[in-house]
Amino acid sequence: MLTTLFWFLLFTGAAITLAYRRESLKRSTLIMGGLLLAYTLFGSGWALWLLLLWLIFLGMLLLNFDDFRRDTVSRRLLAIYRQMLPSMSKTEREALEAGTVWWEGDLFSGSPDWEKLHQVPAPRLTREEQAFLDGPTETLCRMLDDWQITHELADMPPEAWAYIRQEKFFAMIIPKRYGGLEFSALAQSRVLSKLASRSLVAASTVGVPNSLGPGELLLHYGTEAQKDYYLPRLAAGDEIPCFALTSPRVGSDATAITDTGVVCRGEYEGQEIIGIRLNWDKRYITLAPIATVLGLAFKLYDPDHLMGEQDEYGITAALVPTRLPGVKVGRRHFPLNIPFQNGPTQGEDVFVPLDAIIGGPARAGEGWKMLVEQLSVGRGITLPSNAIGTGKAAVYASGAYARIRRQFGLPVGKFHGVGEVLARMAGRTYIMTAAADVTIGAIDAGEKPAVPAAILKYHNTEMGRAIANDAMDVQGGKGIMLGPKNYLGRNYQGIPIAITVEGANILTRGLIIFGQGAIRCHPYVLKEMEAAGTEGEAGLQAFDRALFGHIGYAIGNAARSLVMALTQARYVTAPTRDDTRRYYQHISRYSASFALAADVAMLTLGGALKRKELLSARLGDVLSAIYLASMVLKHHVNQGSPEEDLPIVEWACRSLLYDAQEQLHGLLRNLPNRWVSALLRLFVFPRGRTYSAPSDELGQQIVELIMKPTGSRERLCQGIYAAVEPNNPLGLLQEALELTESVKPLERKVFNARRQGQFVSEDTPSQINEAEQKGILTADEAEQLRSFDAKVMALIAVDDFSSEELAVSKASASAARPKAPAKKRVAKKRVSKKKVAKKAVPKKAVIDREDKQGD
């Protein structure tokens, strides 16, 4: 019996070790063959059992012969795979192929290479970029009064608009040869974060021209003539750009837009030419009310074949001067009391030349490809950076407020319920900052990480929402009373805007993160799909290599998941020996479990996984959690691994890994095939769910770091607008926080005297007076306490108004609005009538237009 157990453990251990180490099929066959031979010669097993083992080994041996494997296994499986493979549209394929695969690919492998991540240089600003942050960005922040912008003017003041143009805030991505600043993605992120800590209106206004829009599209796809004409004008602020994509009848399904362009003859600037007759109806377009040049996405048709042989080219992007006849602009949306310039735009029979297409006629039909390729970068910069700015501002303010605001004789931050919230805010802000800085550093190094960009967009904006909610809870009535003294309210109102744009978060979580990542980042799935689309022996050979590579990868992940779960990943290689070592190990463990679970879900559900969005979302959450935890660890290293920050790093990693565990558990609970779920659970949680969330004690350590003027607090909130000046609450709160340390001994004197019953008065100012009179405080000490108390009372004060004061001044709002350049004279007459365009538009497009006109 003992001999049988020994051989069983030997065979099992060898198989698991080979799978864990991902040894090649040939090497594994050789080793297992040697063991089987030894067992045959020296073991004492049953003859039937021995025969079964030799048959298994024979099958394993035959798989080493390429021709045999391809003809007997791969050819049959390829036929089945081609029938199972869901169809993929051109737009889906373009979205899938957008961007590059970076660190998320390592996480998908189940065996992340930590040295690869650690070798990525820490992102750094150039001297010029730092000077811009310290100079023009700081000056612009000083010019902004959020109450004036949001309540009195419903816009930024004219001097702020002029300064933005003068200092080229709209030209951060434009190269210097065209008059731009040519800043790195990191610099753009830091500028936007600082502006967002002061005013969401300013951050949104500056962010859009430097994100997906005419400038970026021209840089990557424009003709030389288009670049030479538009980019210098955009850099100088002579042109104000916007980009119009979203239509009323379609939201996140941008490929279903009903806006049309028809190739036809018409008159442009006095000449009859072949051009495009455009009709569109767009909404939610930032800068549209003041734009001078409109980037437009539409479906292009050529029914008379004036441009080529195709009837329909698909989604196309073009530049349309808003001065042209038929363009309607000027109306505004009012997005949740954050009055950045945003509004609808319509065009009726607007005629433009063919060279209005971005990149010229050769780029017709490539609009969707352009958009998804640039979103693979831009989605990870603008909105995540704005969320960081508002999150840092909320933590900076809340930490100070929780120290200076007293209830029941204690700073409110000393109450554990408040402390829990403060720790959560700090941890999430650290996660957001780490994820953005490290990912943006990769972007500046040449990566276009589409999946990480989607992770940042979703999770940074969602964490920004959670931080805003928590900040409101800490500051209570102070947070909900709007007015010049309120430094939270507008950011709190504006959070849903970021949640909604650049792909609604529900869509991003449910479809994009895992849906795109499962194919794009998986080491074999895309290769299998491409092989299935290739005819002949070349396709079979490619499929054979991918298939058996995939099988080995899956078996390896199963072994790694099981072993690391059983051992709590204690023996996994990690790049550090400090207190962060265990988090590297746990990420490796969950990477293997995630890769295994993803393979099982795709194998058992196939194309149905796309429709089961909650399962896909949970897999996306696991990938996001381990990606964000990786970024936290890398960011800590980039900052020099300060020991003081370890409580925040630990909170962040523990929260993320606990979430990974719970999302895997949720996936297993909801997989339709219960037998598969039960088997998978054995490999993922053989010891049950053993990972715990951050402890209460850890949270209290973080509270001490952010309620005092510590290095951790400064590093966490670095880059916000914190100047100490009368109309900047963040700077004034920090000033008061720093004063608490110097007045603490004086407050203790007053507290002891009050406890001994030496005061008659109940209020603080009177007690300070009594303390001075009785010699408990010197005159200087009493004055110091009075000054501190006055500062605190001013900071915790809220605004009140007469009814008349609450009304917005229409005259002021009109005065603030930036003046668009005067419209130039264009064509004297329009040859083509409306009926010409209708005749040229395919029937479906005509119906869509009529439906819109009837709304």
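Which residues does Arg69 touch, not counting residues up to four places away in sequence? The answer is Leu63, Asn64, Ser74, Asp544 and Phe548. Keep in mind as you look around that this is a predicted model. The chain has 855 residues, and its secondary structure comes to 36 helices and nine strands. Below is a quick tour, starting with the whole chain and then moving to its spaces and a few single residues.

**The whole chain**

- Start with the overall dimensions: along its principal axes, the C-alpha trace spans about 100 × 90 × 45 Å.
- For 855 residues, a compact globule would have a radius of gyration near 29 Å, and the chain's 31 Å agrees with that.
- A bit of inside and outside: 55% of the 855 residues count as buried.
- The accessible surface of the chain adds up to about 37,100 Å², and carbon and sulfur atoms own 56% of that.
- Take the contacts in the chain with a separation of 6 or more: 76% of them are between residues 24 or more positions apart.

**The second largest pocket**

- This pocket has a volume of about 910 Å³.
- Its lining is made of 31 residues, and the ones nearest its centre are Arg406, Gly409, Pro411, Glu747 and Arg754.
- Several elements each supply at least two lining residues: the helices α16 (382-404), α31 (729-755), α32 (764-773) and α33 (779-796), plus the strands β8 (406-407) and β9 (410-411).
- Helix α31 provides the largest share of this lining, with seven residues.
- Sorted by class, the lining of the second largest pocket has 14 nonpolar, twelve charged and five polar residues.

**The largest cavity**

- The structure holds three cavities of 30 Å³ or more, and the largest cavity contains about 110 Å³ of space.
- There are 14 residues lining the largest cavity, with Thr390, Ala394, Ala468, Leu488 and Asn491 nearest its centre.
- The elements giving two or more residues to that lining are α16, α18 (450-475) and α20 (489-500).
- Helix α18 gives the most, with five residues.
- What about charge in the lining of the largest cavity? You'll find ten nonpolar residues, four polar ones and no charged ones.
- If you like following one element around, try α16: this helix supplies residues to the lining of the second largest pocket and also to the lining of the largest cavity.

**Arg69 and Ile315, two buried residues**

- Back to Arg69, which sits in helix α4 (residues 66-84).
- Is Arg69 buried or exposed? Arg69 counts as buried, because its relative accessible area is 10% and the cut-off for buried is under 20%.
- Ile315 has its place in strand β5 (residues 312-321).
- With 8% relative accessibility, Ile315 counts as buried too.
- Ile315 and Ala356 are 41 residues apart in sequence, and their C-alpha atoms are 14 Å apart in space.

**Helix α22 and the loop before it**

- Helix α22 (residues 525-532) is mostly covered, with six of its eight residues buried.
- The buried ones in α22 are Val525, Leu526, Glu528, Met529, Ala531 and Ala532.
- Pro523 is in the loop between α21 (505-520) and α22.
- Pro523 counts as partly exposed, because its relative accessibility is 25%, and partly exposed runs between the 20% and 50% cut-offs.
- Leaving out residues up to four places away in sequence, Pro523 touches Phe108 and Tyr553.
- Pro523 and Leu61 are 462 residues apart along the chain, and 25 Å separates their C-alpha atoms.

**Leu336 and Asn337, two positive phi angles**

- Most residues other than glycine have a negative phi.
- Leu336 has a positive phi, near 50 degrees, and it isn't a glycine.
- Asn337 isn't a glycine either, and its phi is positive as well, near 65 degrees.
- To find Leu336, go to the loop between β6 (327-328) and β7 (342-353).
- Asn337 is also in the loop between β6 and β7.
- Leu336 is partly exposed, with a relative accessible area of 46%.
- Asn337 is partly exposed at 24% relative accessible area.

Terms used: Residues are numbered from 1 along each chain as its sequence is written. This is a predicted model: local features need pLDDT of at least 70, side-chain atom pairs count only at pLDDT 80 or more; totals for chains, interfaces and linings use all residues. Side-chain values use heavy atoms; hydrogens and water are left out. On a 1 Å grid over the protein atoms alone, a cavity is a set of points where a 1.4 Å probe fits but cannot get out, and a pocket is an open set with protein on both sides within 12 Å along at least five of seven lines; lining residues have an atom within 4 Å of a point. Grid points are joined across faces, edges and corners, and a volume is the space filled by probe spheres set on the points. Helices (H or I, at least four residues) and strands (E, at least two) are DSSP runs, numbered from the N terminus. Ala, Val, Leu, Ile, Met, Phe, Trp, Tyr, Cys and Pro count as nonpolar, Asp, Glu, Lys and Arg as charged, and the others, Gly among them, as polar. The radius of gyration is taken over C-alpha atoms; the globule rule is 2.2 Å times the number of residues to the power 0.38. Buried means under 20% relative accessible area, exposed over 50%, partly exposed in between (1.4 Å probe, protein chains only). Contact means heavy atoms within 4.5 Å. Accessible areas come from the Shrake-Rupley method with a 1.4 Å probe; for residues, only the protein chains shown count as cover.
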